[in-house]
Amino acid sequence: MSYVFRRVGQAVIVLLAAFTGAFILLQALPGDAIMIKFENPELGLSADQIQNIRLSYGIDTPLVIQYVHTLAGFITGDFGYSINSGTAVRSLLAEVLPQTARLAVLGFLAAALLAVGIAFASTFSRFGWLRKFLRNLPSLFISVPVFWLGIMLIQIFSFKLGLIPAVGAGPAQALILPVATLAVPIAAPLAQVLTRSIDEINAQPFIAVVQAKGAPPGWILWRNVAKNAVLPTLTIAGVLFGELIAGAVVTETVFGRAGIGRLTEQAVASQDTPVLQAIVILSASVFVLVNLTVDLLYPLLDPRLKTKVGAAT
């Protein structure tokens, strides 16, 4: 139990560090978002009215007070108000988050299926040329820029082949190309780690013993090889899932999807610091929670680690 408390405490420290770093960096940005937006002569606001707006956002209060007030707001779920639209940041996130979450989860599932297919085919295929080709495929995947891949998929499947409409696609059709764009770079490191793990497990003496006892290849594959090879892959999968939010920013921009990506793009363009701060903390929270879950599951999946954790505590 002390292991759980220690890992949760570390996760809280990481989130606090992420919040502090984001707050300092956003405060150091050049320019003043409120003055940029409200000094426009077309709005007809007086200097006193602009000053009242600044006071409402707490811009002129000392940074320490702003930090404490913002941190207290985040702890209670109050992310403040967007400078650009005046809408509560919590409402903006609630509006776009389901779209990004759907894209990220489907992209991760597609990446996992692709990685498992590449790893097992590159290990157990009967054809040497195919094994060699598949083992080099992740290196190609990981070197492809996400924005270029998205544009190429639109060019091929929408404009050349006409399989998926570029405009007016249904909800399911509109997800196919963004999911593929997000899945390819995520599948590459997953496939590399899983392939290496399968090779290491296959070289272990206990596999030769099981084979000598007459166990069929399929039984050895699923009961011995896959079960042990998935553990290192689980760790890298936790790290990659946390990066999906960042990957979704580029993918949603390329495909014009309404999600965290478009909201981030708009917030950066208008220096909307309350929105940017909330997105950074949201991304950090997803990353920390996924990795915390993986760390807590690891001793349950590997009895050897449970023994080590018990001895350490």
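**An all-helix predicted model, from the local contacts outwards**

Setting aside neighbours within four places in sequence, methionine 35 makes contact with Ile50 and Arg54. The model is a predicted one, and this spot is a handy way into it. Methionine 35 sits in helix H2, which covers residues 33-38. Its partner isoleucine 50 lies 15 residues away in sequence, with 7.7 Å between the two C-alpha atoms. Methionine 35 isn't tucked away altogether: it counts as partly exposed, because its relative accessibility is 23% and the buried class stops at under 20%.

Zooming out, the protein has 14 helices and zero strands. Read from the N terminus, then, the string of elements is just α repeated: α-α-α-α-α-α-α-α-α-α-α-α-α-α. The C-alpha atoms fill a box of roughly 85 × 60 × 30 Å along the principal axes. Of the 313 residues, 36% count as buried. The accessible surface comes to about 17,700 Å², and carbon and sulfur atoms own 68% of that. As for who touches whom, take the contacts between residues at least 6 apart in sequence: 71% of these join residues at least 24 apart.

The UniProt record, an unreviewed entry, puts the feature "transmembrane region" at residues 103-125, 137-157, 163-188, 229-255 and 275-298. Two of these stretches can be checked against the model's backbone. Residues 103-125 come out as 96% helix and 0% strand, with the end C-alpha atoms 32 Å apart. For residues 163-188 the helix share is 62%, strand is again 0%, and the ends are 26 Å apart.

Threonine 123 belongs to helix H5, residues 89-124, and its number also falls within the annotated stretch 103-125. With a relative accessible area of 15%, threonine 123 is buried. Leaving out residues up to four places away in sequence, threonine 123 touches Arg131, Arg135, Thr195, Ile198, Asp199 and Asn202.

Alanine 226 is a second buried position, in this case in helix H10 (residues 217-242). It counts as buried because its relative accessibility is 15%, below the 20% cut-off. With residues up to four places away again left out, alanine 226 touches Phe120 and Leu221. There is a long-range pairing here too: the C-alpha atoms of alanine 226 and valine 116 are separated by 9.9 Å, although the two residues are 110 apart along the chain.

Helix H7 gives a neat look at how burial can be arranged around an axis. H7 runs over residues 146-160, 15 residues in total, and reaches 20 Å from its first C-alpha to its last, close to the 21 Å expected at 1.5 Å a residue. Which residues of H7 are buried? They are Leu149, Gly150, Leu153, Ile154 and Ser158. These residues lie on the same side of H7, because they cover an arc of only 135° around the axis. The spacing fits the general geometry: an α-helix has 3.6 residues a turn, so residues three or four places apart point the same way. Phe159 and Lys160 are exposed, and they are carried on the face of H7 turned away from its buried side. After H7 comes glycine 162, whose phi is positive, near 70°.

How values were computed
Residues numbered from 1 in each chain as written. Predicted model: local features only at pLDDT ≥ 70, side-chain atom pairs only at ≥ 80, totals over all residues. Heavy atoms only, no water. UniProt positions renumbered as here; feature names shortened; annotations may be inferred. Helix = DSSP H or I, 4+ residues; strand = E, 2+ residues; numbered from the N terminus. Buried < 20%, exposed > 50% of the residue type's maximum accessible area, 1.4 Å probe, protein only. Contact = heavy atoms within 4.5 Å. Expected span 1.5 Å × (residues − 1). Arc of directions from axis to C-beta. Areas by Shrake-Rupley, 256 points an atom, 1.4 Å probe, with all protein chains shown as cover.
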